[in-house]
Amino acid sequence: MNTSDMIWLGIGLAGQTMFMMRFVVQWIHSERHQKSVIPVSFWYLSLIGGLTVLAYGLHKAEPVIILGQLPGTFVYARNLMLIRREHRDVLAEVTEEEVK
């Protein structure tokens with residue numbers, strides 16, 4: 001295996017590790033709250049891990065990996081956009097209440 005292949009293997013494994021860690025983070029977060037909760041970090045790990053694995057799949061021209069990761073990246077990004085919008089709206093409400 002040449003150096004380039006080793007680097008891409010490392011990238012693919014790193015992406016898969018990040019993607020897997022989202023479940024660990026969610027599990028720990030839920031245990032702390034004693035109910036099922038999905039923290040924001042879950043979505044960041046999903047997006048970063050998914051994009052990294054997608055890059056690996058594109059490099060290797062693996063359609064199974066590409067088709068498996070591509071749709072999810074849109075879902076992860078959209079969830080982060082919705083979370084950001086909700087935080088912005090809450091901040092706007094708090095600011096309005098302070099002005100009154």
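Is Ala 61 buried or exposed? Ala 61 is exposed, with a relative accessible area of 57%. The structure is a predicted model. This briefing covers helix α2, its contact with helix α1, an aromatic cluster, and two loop residues with positive phi.

**Helix α2**

- Helix α2 comprises residues 40-60, which is 21 residues.
- At 1.5 Å a residue the expected span is 30 Å, and the end C-alpha atoms of α2 are 30 Å apart, so the two values agree.
- The buried residues of α2 include the aromatic residues Phe 42, Trp 43 and Tyr 56.
- Leu 47, Val 53 and Leu 54 of α2 are also buried, as are Ser 46 and Thr 52.
- Three glycines of α2, Gly 49, Gly 50 and Gly 57, are buried as well.
- An α-helix has 3.6 residues a turn, so residues three or four places apart point the same way.

**Packing of α1 against α2**

- Helix α1 spans residues 3-33, and its axis comes within 8 Å of the axis of α2.
- The two axes cross at roughly 155°; because angles over 145 degrees count as roughly antiparallel, α1 is roughly antiparallel to α2.
- The crossing of α1 and α2 is left-handed.
- The contact of α1 with α2 is made up of 14 nonpolar, ten polar and one charged residues.

**Aromatic pairs and cluster**

- A pair of aromatic rings is described by the distance of the centres and the angle of the planes.
- Four aromatic pairs are counted in the model.
- One of these pairs joins Phe 19 and Tyr 76, whose ring centres are 6.2 Å apart; the planes stand at 55°, so the pair is tilted.
- Phe 19 belongs to helix α1 and Tyr 76 to helix α3 (residues 63-99), and the pair thereby links distant parts of the chain, 57 residues apart.
- Both Phe 19 and Tyr 76 are buried.
- Trp 43 and Tyr 76 form another tilted pair, with 6.3 Å from centre to centre and 40° between the planes.
- Because Trp 43 lies in helix α2 and Tyr 76 in helix α3, this pair ties together parts that are 33 residues apart in sequence.
- Trp 43 has a relative accessible area of 13% and is therefore buried.
- Tyr 76 counts as buried at 12% relative accessibility.
- Phe 19, Phe 23, Phe 42, Trp 43 and Tyr 76 form one aromatic cluster.

**Arg 78 and Trp 43**

- Arg 78 is located in helix α3.
- Its relative accessible area is 37%, so Arg 78 is classed as partly exposed.
- Arg 78 and Trp 43 are 35 residues apart along the chain, and their C-alpha atoms are separated by 9.5 Å.

**Loop residues with positive phi**

- Most residues other than glycine have a negative phi.
- Gln 34 has a positive phi of about 60° although it is not a glycine.
- Gln 34 lies in the loop between α1 and α2 and is exposed, with a relative accessible area of 65%.
- Ala 61, also not a glycine, has a positive phi of about 55°.
- Ala 61 follows just after α2, in the loop between α2 and α3.
- With a relative accessible area of 57%, Ala 61 lies above the 50% cut-off and therefore counts as exposed.

Definitions and conventions: Residues numbered from 1 in each chain as written. Predicted model: local features only at pLDDT ≥ 70, side-chain atom pairs only at ≥ 80, totals over all residues. Heavy atoms only, no water. Helix = DSSP H or I, 4+ residues; strand = E, 2+ residues; numbered from the N terminus. Expected span 1.5 Å × (residues − 1). Buried < 20%, exposed > 50% of the residue type's maximum accessible area, 1.4 Å probe, protein only. Axes fitted to C-alpha atoms, helices over the stretch in contact; angles between N-to-C directions. Parallel < 35°, antiparallel > 145°, perpendicular 65-115°, else oblique. Left-handed = near helix turned anticlockwise from the far one by under 90°. Nonpolar A, V, L, I, M, F, W, Y, C, P; charged D, E, K, R; others polar. Phe/Tyr/Trp six-rings, centres within 6.5 Å; stacked < 30°, edge-to-face > 60°.
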